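Trainee: I would like to learn how to read a model like this one, beginning with the surroundings of a strand and ending with a pair of helices.

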Amino acid sequence: MANKNIRVRYAPSPTGHLHIGNARTAIFNYLFARHNKGKFIIRIEDTDTKRNVDDGEKSQLDNLKWLGLDWDEGPDKPGKFGPYRQSERRSIYDPLIQQLLDEDKAYYSYRTEEELTADREEQRARGVMPHYEYEYEGMTEEEIKQSMAESEAKGLKPVIRFRVPKNHTYDWDDIVKGHVEFNSDTIGGDFVIVKRDGMPTYNLAVIIDDHMMKISHVFRGDDHVANTPKQLMMYEAFGWDAPKFGHMSLITSAGTGKKLSKRDESIIQFIEQYRDRGYLPDAMFNFITLLGWSPKGEDEIFNKQQFIKMYDENRLSKSPANFDNKKLEWINNQYVKSADEDVVVDLALRQLIDKGNIEQNPDSKTVEWARKLIVTYKQQMSFMAQINSMASVFFNEPEEISGDALEEISNDTAPTVLKEFSSRIKNVAIFDKVEILKTIKSIQKDTKIKGRQLWMPIRIAVTHEMHGPELPESIELIGREKALKHIDETLKQINQ
RNA sequence: UGCCCGCUGGUCAAACUGGUUUAAGACGUCGCCCUCUCAAGGCGGAGUUAUGGGUUCGAGACCCAUGCGGGUGACCA
């Protein structure tokens, strides 16, 4: 059911990199827009000039693109409802603010931050919810004017507060949560809509922009529920219709059970970090979409097009979702396994170079070698950075054989196997896995030693490890020279 | 302390507006198979409707309490 009037937005503030939770908000808005053939808009909410970060906006957009999102309007793609940065929309806000003032729906407030803090402390001590107390309580219009004039005379700069209607119920049918209602007396008093620096606060700017940009649906985090009544009363004050709201459950941390906080170190928080570690964008998209939303069938691996096709906002979950890193790894592994070999090689090679396991600008021979190595691990890598630790045996000189491994080769047949293997591979023409496998088979035939007794000594001698990928491949990757050297050393070690 | 919301196994969750669900499926976990080993893969197992009341012929689904968890309470967004 295509609806041309559907317009949704993702509205990040450029205070840092793209966070998992924000990425999810963006994705759900995107999916909703694309499923309904509506528009997806990006708006930068940069009214807090102090917290803005220089490349915050760029980083947000870059990472959204990496995830595979595209938008119809945004700061880098002007449409007819621009500008798309709130800091550039002052000329739109100012007359509307004046209108509220003129209609006495908002007023200047001179209460200083110190006074407010003191009020709040006193309220807390009394056991009441901290709230703003009307500073002109009980005053006549004359007295109010006089009070303001006095404040001005003292050089105080005012903020503008919205006059919250008394004992009024604000409610809406939330797409996710169902019917929600608040009594206006419980929201903390008249709130600030324009800061001392003249910038509108989030709550004001967001409703003006959503209205002006003809936003039809707002999908945002559960943490915005408490803002919604404030926004509804402003829509009412302007005489505008509010969009439909859907408040999505938050992502929680398995460790703390609380909403993902940027300080929680048990979970990687930013999309960029996953990108750096060699996660695949489609896998991230897939995983994030399954956080708080579920498809109809039993499958869980889908590409973007499939998600768009089957997206249904009614299947958004009411309850918070734990971020499960294990599942992310599993999903990413599914994508790595089925990904194009060149893509995997490219990404994993970068990891190897970054880590210094392969030199910068490797020659073609090294790249060929790396390709074989990477392909060997393609089936089991959850994310590309793992190649460094998984394949460390191919980069580092191994430690001396000990423990179980030593025990494994402390028997009568091991030296025979090793000597045979060593002398035979010295002479094979092409040192590759096919020839190596043939060699091992030939030893089996000639010595009648087989199975673990045959394979383990070779594996341990060559790699010093009891585990690893297919042995012939491993030996090929280690190379003839190193393999022979390791066998030699091992023979010496077990002879003494 | 106020207000708002949530609660199906260790985790994500399905079960559309109450009726073959002996509560899907996935991750994880455990066992087996494959196998020189690890991983991947295949097969299988264990494990859940927070508690107490009600409504109903019938409740995971509806109502009420209790408990637990979360969100919010900014001149942040």
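Mentor: We will take the RNA strand and then a helix pair, keeping in mind that this is a predicted model.

Trainee: Which residues come nearest to RNA strand B?

Mentor: A residue is counted as near when one of its heavy atoms lies within 4 Å. There are 61 residues around RNA strand B, and those that come nearest are Thr47, Arg196, Lys337, Gln380 and His467. By kind, the residues of this surface divide into 25 charged, 18 polar and 18 nonpolar.

Trainee: Which parts of RNA strand B lie within 4 Å of the protein, sugar or phosphate on the one hand, or bases on the other?

Mentor: Sugar or phosphate accounts for 73% of those atoms, while the rest belong to bases. Individual contacts show both sorts: a polar side-chain atom of Ser294 is 3.0 Å from a phosphate oxygen, whereas one of Lys327 is 3.3 Å from a base nitrogen. Gly468 uses a backbone N or O atom, which lies 2.7 Å from a base oxygen of the strand. Among the elements that give two or more residues to this surface are helix H4 (113-126) and strand S6 (178-183), and the largest share, five residues, comes from H11.

Trainee: At what angle do helix H1 and helix H9 pack?

Mentor: The angle between H1 (residues 20-35) and H9 (residues 281-289) is about 85°, and their axes are 10 Å apart. Angles of 65 to 115 degrees count as roughly perpendicular, so H1 is roughly perpendicular to H9. The contact includes Ile27 and Phe28 of H1 together with Met284 and Phe285 of H9, and its residues divide into nine nonpolar, one polar and one charged.

Notes: Residues are numbered from 1 along each chain as its sequence is written. Chains are lettered from A and ligands numbered from 1 in the order in which they are written. This is a predicted model: local features need pLDDT of at least 70, side-chain atom pairs count only at pLDDT 80 or more; totals for chains, interfaces and linings use all residues. Side-chain values use heavy atoms; hydrogens and water are left out. A polar contact is a pair of N or O atoms within 3.5 Å; within protein, one must be able to donate a hydrogen and the other to accept it, and residues adjacent in sequence count only if both atoms are side-chain atoms. Helices (H or I, at least four residues) and strands (E, at least two) are DSSP runs, numbered from the N terminus. Ala, Val, Leu, Ile, Met, Phe, Trp, Tyr, Cys and Pro count as nonpolar, Asp, Glu, Lys and Arg as charged, and the others, Gly among them, as polar. Axes are lines fitted to C-alpha atoms, for helices over the stretch in contact, and angles run from 0 to 180 degrees between N-to-C directions. Angles under 35 degrees count as roughly parallel, over 145 as roughly antiparallel, 65 to 115 as roughly perpendicular and the rest as oblique. Contact means heavy atoms within 4.5 Å.
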